[in-house]
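Biologist: Can you put the model up and take me through it?

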There are 2 protein chains.
Amino acid sequence: MRAGKYLLGLWILAVLGSSLMSGSVSAKEYFTVKNNVLERPTGYREWVYVGTPLTPNDMNNGKANFQEFHTVYIDPESWEHWKKTGNVRDGAILIKEMTSVGSKVATSGKGYFMGDFIGLEATIKSKREFPDEPGNWGYFSFTNEDHKSIKKAAKLEPTANCNGCHQASAQDDFVFTQYYPVLRAGKSSPEKAVGGK
Amino acid sequence: MRAGKYLLGLWILAVLGSSLMSGSVSAKEYFTVKNNVLERPTGYREWVYVGTPLTPNDMNNGKANFQEFHTVYIDPESWEHWKKTGNVRDGAILIKEMTSVGSKVATSGKGYFMGDFIGLEATIKSKREFPDEPGNWGYFSFTNEDHKSIKKAAKLEPTANCNGCHQASAQDDFVFTQYYPVLRAGKSSPEKAVGGK
């Protein structure tokens, strides 16, 4: 009887341990979606930064499709998963915060320098929320036309608006990792993920 | 006697509480400096991102002084301090990780898109380590000439190399916050610091 209890205890520990190691116990989500409407996320500036594509207006006939600096973040749990497995987990959210070009010259040289925040977009991978979207990815834009305020909630974009380009041209599971050196370095490589190597 | 002990207990709790709230108990440093030599930091890609100035080679006669994207991070404790006080704490470290321009066209438009990591620089504010430097700021570069590898340790740069420009042109205590929208938004504003407002 005593040996039985001891073995039961060991078994519980083993199950708990393997769940913790696989991360399945703490599959936290960093978004709130209801009926395909996403509440505007907060806190993402304290997530993990992955890269900054830049499409300035002055290189795109005065008006870029995505204005202008695109700062991209991934939620912390998906980053941990990416470092370990090299895959984007179900439940991942990536944020694209848009910033204007503030100036084109600084003491460091000529170039492009960030101005103000002018928009916010998000993409989420979720089988539960987007069972019929390609790759289970849903896309959302909180950007207003005036580029001065952002919406409190956003409706799922029609599939054709975003998923076409992501499916055709993104390098890794609908994510443009070809432009995100932090994700490229960290793919299945916890030791290279954190820099300084 | 009993009332005396009670009051003493209350006083200790009050002192502990205010220390914890001001953050003075946990003044963790994110760097190791010995005799003006800084060990190459790691882990900074999981710190807080503040902005990405870009000085492309093709806009600077083929060779920018700082090549090319400059991704800037601040250590987490200094970020917490900045959000609360609007000041850079003594003991702060900022990292500038350099990335090449990988391409100039993508499905999102014409522009500048990140390639590979090609350099690493750091600046530290420390009265203890740099009592004679302007503002107590020390500057370090781990970048090698080949832009393919980085040094394991770096010597303090001569004051004239970096501090001149930072002192003359940086907006906030030798930090170029005019190009770092995350720092500007978060200055003394915990609620605006995290985005989505």
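Modeller: What follows covers the two chains, the contact between them and a couple of residues inside chain B. This is a predicted model, in which local features need pLDDT of at least 70 and side-chain atom pairs count only at pLDDT 80 or more, while totals for chains, interfaces and linings use all residues. Residues are numbered from 1 along each chain, chains are lettered from A in the order in which they are written, and side-chain values use heavy atoms, without hydrogens and water.

Biologist: What turn lays chain B on chain A?

Modeller: A turn of 180 degrees with a shift of 0.0 Å along the axis, giving an RMSD of 0.0 Å (least squares on C-alpha atoms of residues with pLDDT of at least 70 in both copies). The two copies are therefore related as by a two-fold rotation axis. In chain B, the C-alpha nearest that axis belongs to B:Y49, at 3.2 Å.

Biologist: How many residues does the contact take from each chain?

Modeller: 59 from chain B and 59 from chain A, where contact means heavy atoms within 4.5 Å. Since 100% of the interface residues of chain B are also interface residues in chain A, the copies meet through the same surface.

Biologist: What area is buried there?

Modeller: About 4,300 Å², with carbon and sulfur atoms giving 58%. Buried area is the accessible area (1.4 Å probe) that the two parts lose on being put together, summed over both.

Biologist: How many salt bridges between the chains?

Modeller: Four, counting a side-chain nitrogen of Lys or Arg within 4 Å of a carboxyl oxygen of Asp or Glu. One of them joins A:K83 to B:E46, with the closest N and O atoms 2.7 Å apart.

Biologist: Which element of chain B gives the most to the side that touches chain A?

Modeller: β6(B), with nine residues. By class, that side of chain B has 28 nonpolar, 20 polar and eleven charged residues, with Gly counted as polar.

Biologist: Changing topic. Is B:N163 buried or exposed?

Modeller: B:N163 is buried, at 2% relative accessible area; buried means under 20%, exposed over 50% and partly exposed in between (1.4 Å probe, protein chains only). Beyond four places in sequence, B:N163 touches B:E133, B:P134, B:W137, B:Y139 and B:F174.

Biologist: And where is B:F140?

Modeller: In strand β7 (residues 137-141) of chain B (strands are DSSP E runs of at least two residues, numbered from the N terminus). B:F140 also counts as buried, at 2% relative accessibility. Its contacts beyond four places in sequence include B:L38, B:I124 and B:L156. The C-alpha atoms of B:F140 and B:I124 are separated by 8.6 Å.

Methods:
Helices (H or I, at least four residues) and strands (E, at least two) are DSSP runs, numbered from the N terminus.
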